[in-house]
Number of protein chains: 2
Amino acid sequence: MNTMNNQMPDEASFLASYNPSNFLPVALTVDLVVFAVRHKVLHIALVKRGAHPFLGSWALPGGFVGPTENALAAAHRELEEETGLNLGSHRVFVEQLATFSDPGRDPRMRVVSVAHVVLLAAEGGIVPPLCAGSDAAHAQWVPVHTLDTPALAFDHGEILRQGMERLAGKMEYTTIGARLLPAQFTISALRDVYSAVWQVELPAGNFTRKIRPSLTSTGVKVQGVGAPASLFTVGSDWISPPLARPRR
Amino acid sequence: MNTMNNQMPDEASFLASYNPSNFLPVALTVDLVVFAVRHKVLHIALVKRGAHPFLGSWALPGGFVGPTENALAAAHRELEEETGLNLGSHRVFVEQLATFSDPGRDPRMRVVSVAHVVLLAAEGGIVPPLCAGSDAAHAQWVPVHTLDTPALAFDHGEILRQGMERLAGKMEYTTIGARLLPAQFTISALRDVYSAVWQVELPAGNFTRKIRPSLTSTGVKVQGVGAPASLFTVGSDWISPPLARPRR
DNA sequence: ATTATTATTATCAAATTGATAATAACTCTA
DNA sequence: TAGAGTTATTATCAATTTGATAATAATAAT
């Protein structure tokens, strides 16, 4: 078998079969829609751009995918680098959102970005502060529901919109909302997450009745303002039947 | 304003700010999971590879994203080129699935692929035949549920798995299944789509009761083997409350 | 004409829902 | 320390929805 010398003709036939005149290398990046619930308000991590284009505008954190990593690994790495978060000491959840590839989305060159949704667990409503990343950009938590999304840099407003829809939608039929809380949490804290994301108040009694089958009680109780509440962990990733998101 | 000469320093600072040592150009492709229901059986379009690697294996249709098109446009173009389908004369639905970027997914070079789900409408259980594409690869409809997915080329088995999960999942809460049928269809035909995708028989009476609010009757009736059935169009993209997919 | 097949509507007990209240266990404040 | 206020959890119940099954009707096949 000719193992040594078929590498080159192989790649040549590969390119030929795919019509090389249509082939152009692109830069691959990741963009991160990082959510956290601070004091019952849904926030997103944004960086202020320190260079043209969109100098001074808010943008999503992100960066290039390296030659030896996939997009998911790049998302984890950039999360640390751009926000200063120590992933070893925080609960984070990352999932791919969608890829944005319009030829003109970056005015400088062909940049294709794989957007990700990141959920950062808050402890008692407190979220770790963000530090300026490896580039000088200023990073900050910003409330999402009062944000002027069209003012974001590039197509980041549309990415954020899709990220919010993904989070809100998946919270109907999965326990993904618990990723915004510590591993052990009260049902009320989870209900506060739903209120922050869906922007509605859910009746406590019925919420407990419907979410309970997806949770596992630890038996431990914690003191709050009123009666003590049990701590739960996620028992199932699925909520069946799904919670109905009240639509206006 | 220095519009003319800040292009170069701008791009330089862009690259610098993103750590250029981690930057590597990649080839961007699309892969297509093309579904159609033939005679009540869910099929997928596959091409037989005519070159190394994976010579002779089944693979998903796909190809490079051109310099002036986004991934969605490339998906439409490659669908025509690789399967010989005339998009002007068939109902097709295309939506992005996910992006696959593992460094080793193609042994020849760094290829990042944006996978798409494509739904092709069958007319009376008949699906247009596939022709060999612009490259010599042989294209064919293959029943999905009896397919040895791990035997597919590259990571196409995993892409197919995610595509099937997307289709089956979205059919719980949207009328996307109707995209596998002509614009006007009977409730029974739609139920057959659900049976083909979910691999379960759904009771006819209850299915009608639950799907009806999402459909619009045309008033026209068609003759089949039994009683005449009304033709419907999609009235709403959403099914609320969702249909419960029976799980084993 | 009779039988078989299918679409559609109907029926009904069981399960689920939304709304509301009851109860219990705590903190806060005077 | 005795209310008053707050919250978690369970309970209640009428209204709605569900799954199962049947009834009805309209056609083709024999």
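In this predicted model, B:Phe100 sits opposite B:Ser113, a residue of strand 6 of chain B. Zoom out a little and you'll see the two strands involved: strand 5 (residues 92-100) of chain B and strand 6 (residues 111-120) of chain B, which pair in the antiparallel sense over eight bridges. Strand 5 of chain B is also mostly covered, with seven of its nine residues buried.

Now hop over to chain A. Is A:Glu78 buried or exposed? A:Glu78 counts as buried because its relative accessible area is 5%, and the cut-off for buried is under 20%. You'll find A:Glu78 in helix 2 (residues 71-83) of chain A. Once you set aside neighbours within four places in sequence, the contacts of A:Glu78 are A:Val30, A:Leu32, A:Gly62, A:Gly63, A:Phe64 and A:Thr83.

Next up is the DNA, beginning with strand C. Which residues come nearest to DNA strand C? Of the 22 residues around it, those are A:Asn206, A:Arg209, A:Lys210, B:Ser188 and B:Ser230. Several elements each supply at least two residues of this surface: helix 5 (204-211) of chain A, plus helix 4 (187-198), helix 5 (204-211) and strand 9 (229-234) of chain B. Sorted by class, the surface near DNA strand C has nine nonpolar, eight polar and five charged residues. As for the DNA side, 62% of the strand C atoms within 4 Å of the protein belong to sugar or phosphate, and the rest belong to bases.

DNA strand D also has 22 residues around it, and the closest are A:Ser188, A:Ser230, B:Asn206, B:Arg209 and B:Lys210. Here, sugar and phosphate make up 59% of the strand D atoms that come within 4 Å of the protein.

Here are some atom pairs between protein and DNA, with their distances.

| Protein atom | DNA atom | Distance |
|---|---|---|
| A:Val225, polar backbone atom | strand C, sugar or linking oxygen | 3.0 Å |
| B:Ala227, backbone N or O atom | strand C, base oxygen | 3.1 Å |
| B:Ser230, backbone N or O atom | strand C, phosphate oxygen | 2.7 Å |
| A:Arg212, side-chain N or O atom | strand D, phosphate oxygen | 3.1 Å |
| A:Ser230, backbone N or O atom | strand D, phosphate oxygen | 2.8 Å |
| B:Asn206, polar side-chain atom | strand D, base nitrogen | 3.0 Å |

Which elements give two or more residues to the surface near DNA strand D? They are helix 4 (187-198), helix 5 and strand 9 (229-234) of chain A, together with helix 5 of chain B. By class, that surface holds nine nonpolar, eight polar and five charged residues.

Notes:
Residues are numbered from 1 along each chain as its sequence is written. Chains are lettered from A and ligands numbered from 1 in the order in which they are written. This is a predicted model: local features need pLDDT of at least 70, side-chain atom pairs count only at pLDDT 80 or more; totals for chains, interfaces and linings use all residues. Side-chain values use heavy atoms; hydrogens and water are left out. Helices (H or I, at least four residues) and strands (E, at least two) are DSSP runs, numbered from the N terminus. Buried means under 20% relative accessible area, exposed over 50%, partly exposed in between (1.4 Å probe, protein chains only). Contact means heavy atoms within 4.5 Å. A residue is near a molecule or strand if one of its heavy atoms lies within 4 Å of it. A polar contact is a pair of N or O atoms within 3.5 Å; within protein, one must be able to donate a hydrogen and the other to accept it, and residues adjacent in sequence count only if both atoms are side-chain atoms. Ala, Val, Leu, Ile, Met, Phe, Trp, Tyr, Cys and Pro count as nonpolar, Asp, Glu, Lys and Arg as charged, and the others, Gly among them, as polar. Two strands pair if DSSP finds at least two bridges between them.
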